[in-house]
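Please work through the exercises below with the sequence and the model open side by side. Each one gives a task and then a solution that goes step by step.

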Amino acid sequence: MKRNVAGLVVVFVGAAIVQLAISNTYLRYVKPGMRWMLLAAGIILILLAVADVLADTRGKEHADDGHNHHGLPRAAWLMLIPVFALLVVDPPALGADAAQRQSPVAAKPVAPKGNSWLANSAQGNAPVPLAVRDYAVWAVWEKESMKGRDFQLTGFVTPGKDGSWYVSRIGLTCCVADGTAFMVEARGHAAPPKNQWVTVTGEWAEPTKRADGDVAALTVSEVKAVTAPANPYE
Amino acid sequence: MSTPADSAEATKIPVAPGDAAPPTGPPPASSEPPTKDPEKEPASSSIAFTITLVVLVGLALFGRKLFAGLFTDDGVRTWATMFVGVTVQALPFLVLGVLLSAALTAFVPASFFARALPKHPALAVPVASASGVILPGCECASVPVSAALMSRGVTPAAAIAFLLSAPAINPVVLASTAVAFPGQPKVVVARALTSLGVSMALGWLWLLTGKGSSWLRMPKSRHAEGTGRLEVFRSSMLHDFLHAGGFLVIGAAAAATLNVVVPREWLDHVASNLLLSVVVLGLLAVLLAICSEADAFVAASLTQFSLTARLAFMVVGPIVDVKLIALQAGTFGPKFAVRFAPATFVVAVGASLLVGWWLL
């Protein structure tokens, strides 16, 4: 009976991906649309390992004559490092630390997603719930339609300098490697703890000037601690 | 995390019923270095197997408790998230790539490629470049596929042209570029033209300089005549995955490190100088290793830069980045990667400048 190390490593990698996909943990690292690709890739890897083990136990002579795949190519051991990281470090979703490494300035949108619906909706007292990434852009680049209105934002707390703090979200286009921080300066309220998820309600405020651009701001009237959403990214 | 542990236990049953049973291979006294010996079952394999199994199951059950105090630094955790994120994003595309390359090896006869491509290598290059349109995937998928093409007798120049064009000009990438730059179809056209041109130029460059040299480790067909097709498919898929997977991890670690260490602010200081900004965005594409289906969105967000510089970002990214260099070193040999990556970078930056000056 042969002990198939290659099969063992491949099955662990496959099982780790399947586990990520079915437990929603994958949302910390990639976009929701990747779920089926991850499941498929994990299942294919597990099947591959099972097929290899079966071929071994049948005692069939192996056709590949230049390679020994019971012992592993040395590089293949490295695949256990991400599995190790998942099992031991349990890497969290990107949060305040990643946001602090970026500038809080929102880039000028290439083609602004119109917020004309905002101007048309009733000028009532009810605060308008907005995505942080929309507010961070509109509060700077679509000022006129935002002035004097109340908004509600949900994001995590990123501490800034001198006791200031930001309501922030990370935007993903593909995976965490391209995560872009969207940050809104919250004024008039003491900073909650770093990385705490909050829903803040407040009025539009004049953006803060910085050397590299303007940062969206909100005069906060209410801060409510909330639990982190299943998909922490926008 | 119960699944990995469960699965490991499940595999353990067919593989090793009883750890005490001696291996049925040659006696442990074998003097051959264990990993070099293809035919015999090395003694160290069963030790490695047992240790790996015990360590992995142990980590799955107790890992977090044992190491709870060690990885609490915010920077370390951000790095770990980036590292796992890049790996998890790329792995399905790598699996797709090895699946396709194994299928090419097992089910497409070598004579097909001989018929499909022009006999003369210089003419085969543009045909291979153009056929990159048909592989809708990230750059990770194209490395094993082009290796399989080489092992099926396709001239390396054509396989290189395919390797470079497939991740850059496939419909998914061009569509996402169009979405990222709305109302600017010229960006899509410029990207497709530049990437096609670069892939052809490097294919021809290979014909001029690389032909017959020893630094490309030619991927060889490892299968004896008469082996069953399914068996060829299974073993070449496993082989390719094991070889490429480790290098993907190295690339992901490099990309995560650079993502965490390189501050994005230094970009603002170079945006005004055209030549410098093209080179810097090209380097950024190499360091960040963003997959080709998403890089257009990142390029679109770099609004302080000229369109030409952003074109360079999108042309360089799919064909040379830290993750790809690692994968290519694993597949074609380090000597190849050391020469190929700088050549690709220089040609890509030059072509971006040229096309940007002409079209953008």
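## Exercise 1: Helix H11 of chain B

Just after H11(B), B:Ala289 takes a positive phi of about 55 degrees. The model is a predicted one, and the task here is to describe the helix that ends before this residue, giving its span, its buried residues and what covers them.

Solution. Begin with the length: helix H11 of chain B, residues 274-288, has 15 residues, and the distance from its first C-alpha to its last is 21 Å, close to the 21 Å expected at 1.5 Å a residue. Next, look for the residues of H11(B) that are buried, which are B:Ser277, B:Val278, B:Val280, B:Leu281, B:Gly282, B:Leu284, B:Ala285, B:Val286 and B:Leu288. Finally, ask what lies over them: the cover of the buried residues of H11(B) includes helix H10 (229-261), helix H12 (295-301), H13, helix H14 (322-332) and helix H15 (334-359) of chain B.

## Exercise 2: Two helix pairs in chain B

Task. Classify the packing of H9(B) against H13(B), and then that of H5(B) against H7(B), by angle, handedness and the residues that meet.

Solution. Two packed helices are described by the angle between their axes and the distance between the axes.

Step 1. The axes of helix H9 (residues 185-210) and helix H13 (residues 307-316) of chain B come within 10 Å and cross at roughly 50 degrees. That angle makes H9(B) oblique to H13(B), and the crossing in which H9(B) passes H13(B) is right-handed.

Step 2. On the H9(B) side the contact is formed by B:Val187, B:Ala190, B:Arg191, B:Thr194, B:Ser195 and B:Val198, which meet B:Leu307, B:Leu311, B:Met314 and B:Val315 of H13(B). Sorted by character, the residues of this contact between H9(B) and H13(B) are seven nonpolar, two polar and one charged.

Step 3. For the second pair, the axes of helix H5 (residues 121-130) and helix H7 (residues 156-169) of chain B come within 8 Å and cross at roughly 20 degrees. Because angles under 35 degrees count as roughly parallel, H5(B) is roughly parallel to H7(B), and the crossing of H5(B) and H7(B) is right-handed.

Step 4. Here B:Pro121, B:Ala124, B:Val125, B:Ala128 and B:Ser129 of H5(B) meet B:Ala157, B:Ala158, B:Ala159, B:Ala161, B:Phe162 and B:Ser165 of H7(B). The residues of the contact of H5(B) with H7(B) divide into nine nonpolar, two polar and no charged.

## Exercise 3: The surroundings of B:Leu202

Task. Decide whether B:Leu202 is buried or exposed, and find which residues it touches.

Solution. First place the residue, which sits in helix H9 of chain B. Then count its surroundings: B:Leu202 has 25 C-beta neighbours inside 10 Å and therefore counts as buried. Leaving aside residues up to four places away in sequence, B:Leu202 touches B:Ile160, B:Ala161, B:Leu164, B:Ala343, B:Thr344 and B:Val347. One of these partners shows how the chain returns on itself, since B:Leu202 and B:Ile160 are 42 residues apart in sequence and 7.4 Å apart in space, C-alpha to C-alpha.## Exercise 4: Positive phi in the loops of chain A

Task. For A:Asp162 and A:Asn195, state the phi value, the loop in which each lies and the exposure.

Solution. Most residues other than glycine have a negative phi, and most peptide bonds are trans.

- A:Asp162 has a positive phi, near 55 degrees, and lies in the loop between strand S2 (150-159) and strand S3 (165-171) of chain A. With 5 C-beta neighbours inside 10 Å, A:Asp162 counts as exposed.
- A:Asn195 also has a positive phi, near 70 degrees, and lies in the loop between strand S4 (180-187) and strand S5 (197-210) of chain A. With 18 C-beta neighbours inside 10 Å, A:Asn195 counts as partly exposed.

## Exercise 5: The two chains as wholes

Task. What is the secondary structure of chain A and of chain B, and how many residues in each hundred are buried?

Solution. Chain A comes to seven helices and six strands, in the order α-α-α-α-α-β-α-α-β-β-β-β-β along the sequence, whereas chain B has 15 helices and zero strands. Buried residues make up 47% of the 234 residues in chain A and 52% of the 360 residues in chain B. Among contacts with a separation of 6 or more, residues 24 or more positions apart account for 70% in chain A and for 84% in chain B.

Conventions: Residues are numbered from 1 along each chain as its sequence is written. Chains are lettered from A and ligands numbered from 1 in the order in which they are written. This is a predicted model: local features need pLDDT of at least 70, side-chain atom pairs count only at pLDDT 80 or more; totals for chains, interfaces and linings use all residues. Axes are lines fitted to C-alpha atoms, for helices over the stretch in contact, and angles run from 0 to 180 degrees between N-to-C directions. Helices (H or I, at least four residues) and strands (E, at least two) are DSSP runs, numbered from the N terminus. Angles under 35 degrees count as roughly parallel, over 145 as roughly antiparallel, 65 to 115 as roughly perpendicular and the rest as oblique. A crossing is left-handed if the near helix is turned anticlockwise from the far one by less than a right angle, and right-handed if clockwise. Two residues are in contact if their C-beta atoms, placed from the backbone, lie within 7 Å. Ala, Val, Leu, Ile, Met, Phe, Trp, Tyr, Cys and Pro count as nonpolar, Asp, Glu, Lys and Arg as charged, and the others, Gly among them, as polar. The expected span of a helix is 1.5 Å times one less than its number of residues. A residue is buried if 20 or more other C-beta atoms lie within 10 Å of its own, exposed if 12 or fewer, and partly exposed in between; C-beta atoms are placed from the backbone.
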